[in-house]
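Notebook open, model loaded. I'm jotting down what I looked up, in the order I looked.

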Protein chains: 2
Amino acid sequence: MSKGSDTRQTILREAGNLASINGLSGVTIGALASHTGMSKSGLFRHFGSKDELQVATLKATIDRFIETVVRPALHTPRGLPRVRVLFERWLAWATGAGLPGGCLFIAASVELDDHPGQARDFLVETQHDWLELLATCGRKAVETGEFRTDLDCDQFAHEFNSILLGFHQAHRLLRDPGAAVRASRQFDRLVEDALNVGTHA
Amino acid sequence: MSKGSDTRQTILREAGNLASINGLSGVTIGALASHTGMSKSGLFRHFGSKDELQVATLKATIDRFIETVVRPALHTPRGLPRVRVLFERWLAWATGAGLPGGCLFIAASVELDDHPGQARDFLVETQHDWLELLATCGRKAVETGEFRTDLDCDQFAHEFNSILLGFHQAHRLLRDPGAAVRASRQFDRLVEDALNVGTHA
DNA sequence: GACAAATACGAACGTTCGTGCTTTTTTAGT
DNA sequence: ACTAAAAAAGCACGAACGTTCGTATTTGTC
């Protein structure tokens, strides 16, 4: 009962790595079998279809994301410190602590945005969760008094996320060595604008 | 001498449309032949290889981008008005005036960032040109006195671009009806921060 | 250690991939 | 209208695609 799920996990980890480089549809059964040292059919049986494999790959990568980005943040005091950790951990996620080809969710975003199906549905849900997490962390920072009370936290989450997207492109496509500095400066400005400066407590 | 380049142009337009939906590597010779009503071999002869086809597709799409986004901006007075038009035209580019599957360059960015080759090289060059164009327009706005003189225009260009990336994801993946409003608000804040408020002329 | 169940394999399927050759049709210049 | 050139089609190829099926091997249980 355990051998099977072990292999499955190994497969999905490799699938995530490959997908971050070649895209989800670029993960072929044959190539994945080669990389895991399995036969095509033996591997295929774990999923039953390529669609299932794609969804499973996304789900397995979520676990890695939570471990790398979300959990460290939840172990940080709520409010601004947590917001900062989320940002820092995401940069780490996209630059080495994550998948070899960068953030799979960004890759999948542009790959699936015109392809209805379970994979797309799951990804949309995932992205909503992420934005909601960001917004919630923003709201916590409002509660602590660090952020102003009239802050639009959904807007905050959107802008937070767009900074990550900009960083990802600058880093991975342009190989810009200053990408992290750029993103950090942009992030600082976002935070500064959100700060509660009315009551100089 | 003209029939050939006519067909070629027709092919590349369809290739751009398909690529915006399925990615560059998702544009197969067979599918492209079907959509253009040609035979695989007859179509193939125009390019000689799939790599060539991909580069040609990107180049042809640049022309559409310039026509849709850049040219209208250049016909607008330099400075802040031109910056605003660039933003507005880009939103139009990504939502209807451009390709059916959204901005091809964004799709190609995540698709090619780990695949060295002519296509990637060309895309990187293109993206640099785009950022430089944004930075230059920012500098013009400094010259007109609309933007502050200590504005980091490269940073401005990067942030401008990241707003577009955020919009694109919100619009195309999440189908968020408020994506344009979100992006516009974010853009307004970027502009406001860049404004020259020191000398209240 | 035997046995049932779970897991993996090998071979093959029909299809589509990118890419060559050869032939036919269409075009442009006289 | 005739012709040389350009463009498109026809056909075929080896490889890889996702998937299925039957068989072998490994596993966990008694």
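I started at A:Arg175, which sits in the loop between α8 and α9 of chain A. Helices here are DSSP runs of H or I with at least four residues, strands are runs of E with at least two, and both are numbered from the N terminus. This is a predicted model, in which local features need pLDDT of at least 70 and side-chain atom pairs count only at pLDDT 80 or more, while totals for chains, interfaces and linings use all residues. Residues are numbered from 1 along each chain as its sequence is written, and chains are lettered from A and ligands numbered from 1 in the order in which they are written.

What caught my eye was phi: A:Arg175 is not a glycine, yet its phi is positive, near 55 degrees. I checked burial too, and A:Arg175 counts as exposed because it has 10 C-beta neighbours inside 10 Å. My cut-offs, with C-beta atoms placed from the backbone: buried is 20 or more other C-beta atoms within 10 Å of the residue's own, exposed is 12 or fewer, and partly exposed is in between.

Then I looked at the other chain. B:Arg175 lies in the loop between α8 (153-172) and α9 of chain B. It also has a positive phi, about 55 degrees, without being a glycine. B:Arg175 is exposed, with 10 other C-beta atoms within 10 Å.

**Chain A overall**

I counted nine helices and zero strands in chain A. Chain A has 201 residues, of which 41% count as buried. Along the principal axes, the C-alpha atoms of chain A fill a box of roughly 65 × 40 × 30 Å. I also looked up contacts, where two residues touch if their C-beta atoms, placed from the backbone, lie within 7 Å. Of the contacts in chain A with a separation of 6 or more, 61% join residues 24 or more positions apart.

**Helix α5(A)**

Next I picked helix α5 (residues 80-95) of chain A. Its 16 residues reach 23 Å from first C-alpha to last, close to the 22 Å expected at 1.5 Å a residue. The expected span is 1.5 Å times one less than the number of residues. Buried residues of α5(A) include A:Leu86, A:Phe87, A:Trp90 and A:Trp93, and I noted A:Arg82 and A:Arg89 among them as well. What do the buried residues of α5(A) pack against? They pack against α4 (50-74), α7, α8 and α9 of chain A.

**Where the chains meet**

The contact takes 31 residues from chain A and 31 residues from chain B. On the chain A side, α6 (104-112), α7 (118-143), α8 (153-172) and α9 (179-194) each supply at least two residues. The largest share of that side, 11 residues, comes from α8(A). By class, the side of chain A that touches chain B has 10 nonpolar, 12 polar and nine charged residues. For the classes, Ala, Val, Leu, Ile, Met, Phe, Trp, Tyr, Cys and Pro are nonpolar, Asp, Glu, Lys and Arg are charged, and the others, Gly among them, are polar.

I then followed α8(A) across to helix α9 (residues 179-194) of chain B. The two axes come within 10 Å and cross at roughly 75 degrees. That makes α8(A) roughly perpendicular to α9(B). Axes are lines fitted to C-alpha atoms, for helices over the stretch in contact, with angles from 0 to 180 degrees between N-to-C directions. Under 35 degrees is roughly parallel, over 145 roughly antiparallel, 65 to 115 roughly perpendicular, and the rest oblique.

Which residues make this contact? From α8(A) I listed A:Gln155, A:His158, A:Glu159 and A:Ser162, and from α9(B) B:Arg182, B:Arg185 and B:Gln186. By class, that is no nonpolar, four polar and three charged residues.

I checked the reverse pairing as well. A:Arg182, A:Arg185 and A:Gln186 in α9(A) meet B:Gln155, B:His158, B:Glu159 and B:Ser162 in α8(B).

**Symmetry**

Last, I superposed the copies by least squares, on C-alpha atoms of residues with pLDDT of at least 70 in both. A turn of 180 degrees and a shift of 0.0 Å along the axis lay chain A on chain B with an RMSD of 0.0 Å. That is the relation of a two-fold axis. In chain A, the C-alpha nearest the axis belongs to A:Ser162, 2.8 Å from it. The copies meet through the same surface, because 100% of the interface residues of chain A are also interface residues in chain B.
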